[in-house]
Amino acid sequence: MMKTTLSVCFLFLSMLMYSQENFSVSGTIKDFSNGESIFGASVYLENTNNGTITNAYGFYSISAPKGTYNLVVSYLGYVTITKEIQLTKNQNVSFELEEDTTTLDEVVIMAEESEKANIRDPQMSVSVIKSETIKKNTCSFRGGRFSQVYSNATRSYK
């Protein structure tokens, strides 16, 4: 009886492990025009939560259970590529992305004025001091010490 129970458990666990067998798809993403690696390209399996971005060498790797998937590669400024893959074994799939160029006939830039800006009159701090004030608050040196000194913060020291 014990042998039968252990055999059934072993059979069940082996089937469970086989059904969850994962395979990986990996490769590099490069620029078609110059062959340079593309860093930060998005690579994901469509309609799943499996995805990644390429590293500094343009390399990516994604693991998923056995099945058929659409592998999507995208990067800003490049044409997005979608390729159907059969994950039945580990695969190496590399891509070369082409630039996505669009010619614009007209570009319109609109902005709302949030605050009146007076560009003609620059805002600079100006201090006006009368000559009488300067004469009145001049420092005199008497016997080795200052009789009166004013700092920018208008503190007086004696």
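**Exercise 1. Count the secondary-structure elements of the chain and give their order along the sequence.**

The chain has two helices and 12 strands, where helices (H or I, at least four residues) and strands (E, at least two) are DSSP runs numbered from the N terminus. This is a predicted model, in which local features need pLDDT of at least 70 and side-chain atom pairs count only at pLDDT 80 or more, while totals for chains, interfaces and linings use all residues. Residues are numbered from 1 along each chain as its sequence is written, and side-chain values use heavy atoms, with hydrogens and water left out. Read in sequence order, the elements follow the pattern α-β-β-β-β-β-β-β-β-α-β-β-β-β.

**Exercise 2. Describe the burial, the surface and the contacts of the chain as a whole.**

Begin with burial: of the 158 residues in the chain, 18% are buried, a class that means under 20% relative accessible area, with exposed meaning over 50% and partly exposed lying in between (1.4 Å probe, protein chains only). Next comes the surface, of which the chain exposes about 13500 Å², with carbon and sulfur atoms supplying 54% of that area; accessible areas come from the Shrake-Rupley method with a 1.4 Å probe, and for residues only the protein chains shown count as cover. Finally, take the contacts between residues at least 6 apart in sequence: 45% of them join residues at least 24 apart, a contact being heavy atoms within 4.5 Å.

**Exercise 3. Work out the strand order of the four-stranded open sheet, and follow the pairing across it.**

The order is β3-β2-β5-β6, and the pairing is antiparallel; two strands pair if DSSP finds at least two bridges between them. The edge strands, each pairing on one side only, are β3 (51-53) and β6 (81-87). From one strand to the next the twist averages 20 degrees, with axes taken as lines fitted to C-alpha atoms (for helices over the stretch in contact) and angles running from 0 to 180 degrees between N-to-C directions.

Now cross the sheet pair by pair:

1. Strand β2 (residues 42-45) is joined to β3 by three bridges, and T52 in β3 is the bridge partner of V43.
2. On going from β2 to strand β5 (residues 67-74), four bridges are found in the antiparallel sense, with V43 standing opposite V73.
3. Between β5 and β6 there are seven antiparallel bridges, and T68 stands opposite Q86 in β6.
4. The hairpin of β5 and β6 has six residues between the strands, and there G77 takes a positive phi near 90 degrees.

**Exercise 4. Determine how strand β1 pairs with β4, and which residues of β4 lie on its covered face.**

Strand β1 (residues 22-31) and β4 pair in the antiparallel sense over seven bridges, and S26 stands opposite S61 in β4. Strand β4 (residues 59-65) has Y60, I62 and A64 on its covered face, whereas F59, S61, S63 and P65 make up the uncovered one.

**Exercise 5. Compare the surroundings of S24 and I29.**

Both sites can be placed in strand β1, S24 as well as I29. S24 counts as buried because its relative accessibility is 18%, and I29 counts as buried because its relative accessibility is 0%. Leaving aside neighbours within four places in sequence, S24 is in contact with S61, I62, S63, L87, K89, N90 and Q91. With the same exclusion, the contacts of I29 include V43, Y60, V73, F95 and L97. In addition, the C-alpha atoms of I29 and F39, which are 10 residues apart along the chain, are separated by 8.2 Å.

**Exercise 6. Is each of the loop residues N34, N47 and V107 exposed or partly exposed?**

N34, in the loop between β1 and β2, counts as partly exposed because its relative accessibility is 45%; its C-alpha atom is separated by 9.8 Å from that of E96, 62 residues apart along the chain. N47, placed in the loop between β2 and β3, is exposed, with a relative accessible area of 77%, and its phi is near 65 degrees, a positive value in a residue other than glycine. Most residues other than glycine have a negative phi. V107, found in the loop between β8 (95-97) and α2 (131-136), is exposed, with a relative accessible area of 59%.
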